There are 2 protein chains.
Amino acid sequence: MANKRVTLADVAAEAGVAVSTASLVLSGRGAAVRISTSSQQRVRDAAQRLGYRPNAVSVGLRKGHTSTLGFISDSVASSRLAGEMIKGAIEAARDRGFMVFVGETGGNTTLERQLLDAMFDRQVDGVILASMLTHGRDLPAELTRTPAVLLNISTDGDLTLPVVLPAEHQAGRDAAAALVEAGHRDIHLIGAGPGPDDVRTISSAARQRLAGILEVLGENGLAPASGRDINQWLPPEGYRAASALLEKGVPEALLCFNDRLAMGAYQAVQEHGLSIPGDVSVVSFDDASIAAWLHPGLTTFALPHRAMGKRAADLVVDVIEHDRRGTDQPAPGSGVHLIPMPKRDRDSVRQLDR
Amino acid sequence: MANKRVTLADVAAEAGVAVSTASLVLSGRGAAVRISTSSQQRVRDAAQRLGYRPNAVSVGLRKGHTSTLGFISDSVASSRLAGEMIKGAIEAARDRGFMVFVGETGGNTTLERQLLDAMFDRQVDGVILASMLTHGRDLPAELTRTPAVLLNISTDGDLTLPVVLPAEHQAGRDAAAALVEAGHRDIHLIGAGPGPDDVRTISSAARQRLAGILEVLGENGLAPASGRDINQWLPPEGYRAASALLEKGVPEALLCFNDRLAMGAYQAVQEHGLSIPGDVSVVSFDDASIAAWLHPGLTTFALPHRAMGKRAADLVVDVIEHDRRGTDQPAPGSGVHLIPMPKRDRDSVRQLDR
DNA sequence: AACGCTTGCTAGTTCGGTTTAGCACGAGCG
DNA sequence: CGCTCGTGCTAAACCGAACTAGCAAGCGTT
């Protein structure tokens, strides 16, 4: 369609110099190879005038790198949160001059390999492998061929890749602390617990949140008043768990393992004619969009998906640039990067005066 | 890092033929140029043995196209729905052998131009320009240089680009019909109306939904019992609107302009001690995730984001392949493509027996 | 006049493929 | 015996840039 791109040759012709001269000038090496100021100016003017933009494909072929990243996740769309992760990654990448290919596997390993191949074929400089499920998994061997970062994937292997994860353990501590500091003693867990091994979900987040919670309760001489280990963290389950609790009396505080459980708990509490936070305090994790829409606003600890995506992209680019420099220093960033889960303080916790 | 890629030259050497021969064989033109069966086999074996994969960058440079699409939206992450749109596009693209660059502008036009440039630099074969806001806008001129499709963007111009939109008008008709057919007569609109011009949102969806609704009501000799034109379609607004209604009596049916408004309406109805659908029926649009989580499940007309993304990708690829063939036939797919909004039938509508 | 040095610029190779034009050889034909 | 034709394959140009090696002109020296 339409007029083809302006090439370096066009610029060179317009400026009356050789292609190599134009290349040198535009890549900033003009002074270094002693191109006269006037010629340099002519080249730059010509480029400007013609609206020259280097063909990245050609540059990629010649230089062997493409300023391109691959982002592969098992589910782009399943949650708003996945979108945030991608967004963070894309933005960080752009700030560093990279574009990103996005692929989605739906958990299919064959597809994952195909996507990786398709990306390597296109000479991506690095790869971010993301999951929405945060659990251990085997990694495709190809990942060692290129800088790579794991995003929201905890691996068991002794892998030296950088790994970006939410600080679930700390969030567990913070959530428990929020209730304890508000004066609560009668704290019921919905989603996992009461024991440290009562965790049914595959999600390793559950285990860590629980550990953090129990730690803080223990430090305050407390234990969960009850716990309900649930496999599917969805509103109906939260509803059921809270309803069961309400049969036996009014719990002082509910610590829900995610916002959907909390949403169900809200429904149960409110159907019982009780008020949040007047009668029951609720704290949760994730900061899904419903957290803000519930009545009253739900105090929750946000999964920092955006920040995680950004960190992951920054890490791959760090590694890429490090490799490019070719120094002997060890690759940067390997190891686990925990991104804090910030508290979204809303109106579901009552301050008791004890 | 690690062993470099296998090139065509490696394969040719291994098979004992010239590079051009290997190329011909692997691109399937072996028979056409009379390469002996035995040579062909040797080349294929060698390729197989060495694990050869063509370097897409090189191919892109030579052939001038890259089997790559650009997807630019103003907000990847703002909603789960945007993710669905991207997912649909990515999947359809993959099925056709394309990878996709994803970019996000946040509504910033300068950024949009930069992203387009970065994508054109990388020789994308086509572009999908998407918006979450569905309203008219000016388009960057660059879009005429390459096959392009507008996704969820309605343009005023006489543009010949294909445009993919949800069938809002029809959904408005369907939503009204759902209530009318259930025997409702006392239908209150929350979000826009009651008159056809009572539409405050910039979203053109509002206007079309409203038009569809009024059409069907009119055809049944009805008019909205009331309407509330709201700018921000969020739960608190829905709550307020429904509460105001409830002050004056019990409305038979609420037709909310999106699920968030419906969520707010639920809260109000339930706080008034009334039941959905026992006392009040509710119908809505979007099928956001909360629609399924609400008690009872909300009957709503789904924004078909996934299908829209898929259609958009298919359309660009159609155009690309059409251009490639270089026939004189007119470009395919130009014009508006309306994707149906399917009904998600849940439990918020009561069947009256009149 | 011959030589070396600096200055200013360019020819030519390379990246990894695709594609066209055509070479070399043997068989068949008159 | 010379010519044409078919078969099987390859050399070489090309895509658009990056980059190395080095040429030519001008100037000062001896």
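Trainee: How many salt bridges are there between chain A and chain B?
Mentor: The count is six. Bear in mind that this is a predicted model.

Trainee: Which residue of chain B does Asp121(A) form a salt bridge with?
Mentor: Its partner is Arg5(B), and the closest N and O atoms of the two are 3.1 Å apart.

Trainee: And how many residue pairs are in polar contact across that interface?
Mentor: The rule finds 20 such pairs between chain A and chain B, counting those with both residues at pLDDT 80 or more.

Trainee: Which elements of chain A give two or more residues to the side that touches chain B?
Mentor: There is one strand, β2 (99-104), and the rest are helices: α4 (56-63), α5 (80-95), α6 (109-121), α9 (235-247), α10 (259-271) and α11 (289-293) of chain A. Sorted by class, that side of chain A has 25 nonpolar, 16 polar and 14 charged residues.

Trainee: What area is buried between the two chains?
Mentor: About 4,900 Å² is buried between chain A and chain B, with carbon and sulfur atoms giving 64% of it. In residues, 55 of chain A are in contact with 54 of chain B.

Trainee: Why quote an area at all?
Mentor: The accessible area lost when the parts come together is often used to give the size of an interface.

Trainee: OK, symmetry. What rotation superposes chain A on chain B?
Mentor: A rotation of 180°, with 0.0 Å of shift along its axis, does it at an RMSD of 0.1 Å. The two copies are therefore related as by a two-fold rotation axis. The same surface serves both copies, since 98% of the contact residues of chain A recur in chain B.

Trainee: Now the DNA. Which residues come nearest to strand C?
Mentor: Of the 24 residues around DNA strand C, the nearest are Thr21(A) and Ser36(A) from one chain, and Leu8(B), Ser58(B) and Arg62(B) from the other. By class, the surface near DNA strand C has 11 nonpolar, nine polar and four charged residues.

Trainee: What parts of strand C lie within 4 Å of the protein?
Mentor: Of those atoms of DNA strand C, 50% belong to sugar or phosphate and the rest to bases.

Trainee: Which atoms does Arg34(A) reach there?
Mentor: A polar side-chain atom of Arg34(A) lies 3.0 Å from a base nitrogen of DNA strand C. For Ala18(A), a polar backbone atom is 3.0 Å from a phosphate oxygen of that strand. On chain B, a side-chain N or O atom of Tyr52(B) is 2.8 Å from a sugar or linking oxygen of DNA strand C. The elements that give two or more residues to this surface are α2 (19-26) and α4 of chain A, together with α2 (19-26) and α4 (56-63) of chain B.

Trainee: Then strand D. Which residues come nearest to that one?
Mentor: Leu8(A), Ser58(A), Arg62(A), Thr21(B) and Ser36(B) come nearest, of 24 residues around DNA strand D.

Trainee: What does Arg62(A) do there?
Mentor: An N or O atom in the side chain of Arg62(A) is 2.3 Å from a base nitrogen of DNA strand D. Ser20(B) has a side-chain N or O atom 3.3 Å from a base nitrogen, and Thr21(B) has one 2.4 Å from a phosphate oxygen.

Trainee: Which element gives the most to that surface?
Mentor: α4(A), with four residues. By class, the surface near DNA strand D has 10 nonpolar, nine polar and five charged residues.

Methods. Residues numbered from 1 in each chain as written. Chains lettered and ligands numbered in written order. Predicted model: local features only at pLDDT ≥ 70, side-chain atom pairs only at ≥ 80, totals over all residues. Heavy atoms only, no water. Contact = heavy atoms within 4.5 Å. Buried area = accessible area lost by both parts, 1.4 Å probe. Salt bridge = Lys/Arg side-chain N within 4 Å of Asp/Glu carboxyl O. Polar contact = N/O pair within 3.5 Å; in protein donor to acceptor, adjacent residues only side chain to side chain. Nonpolar A, V, L, I, M, F, W, Y, C, P; charged D, E, K, R; others polar. Near = heavy atom within 4 Å. Least-squares fit on C-alpha atoms with pLDDT ≥ 70 in both.
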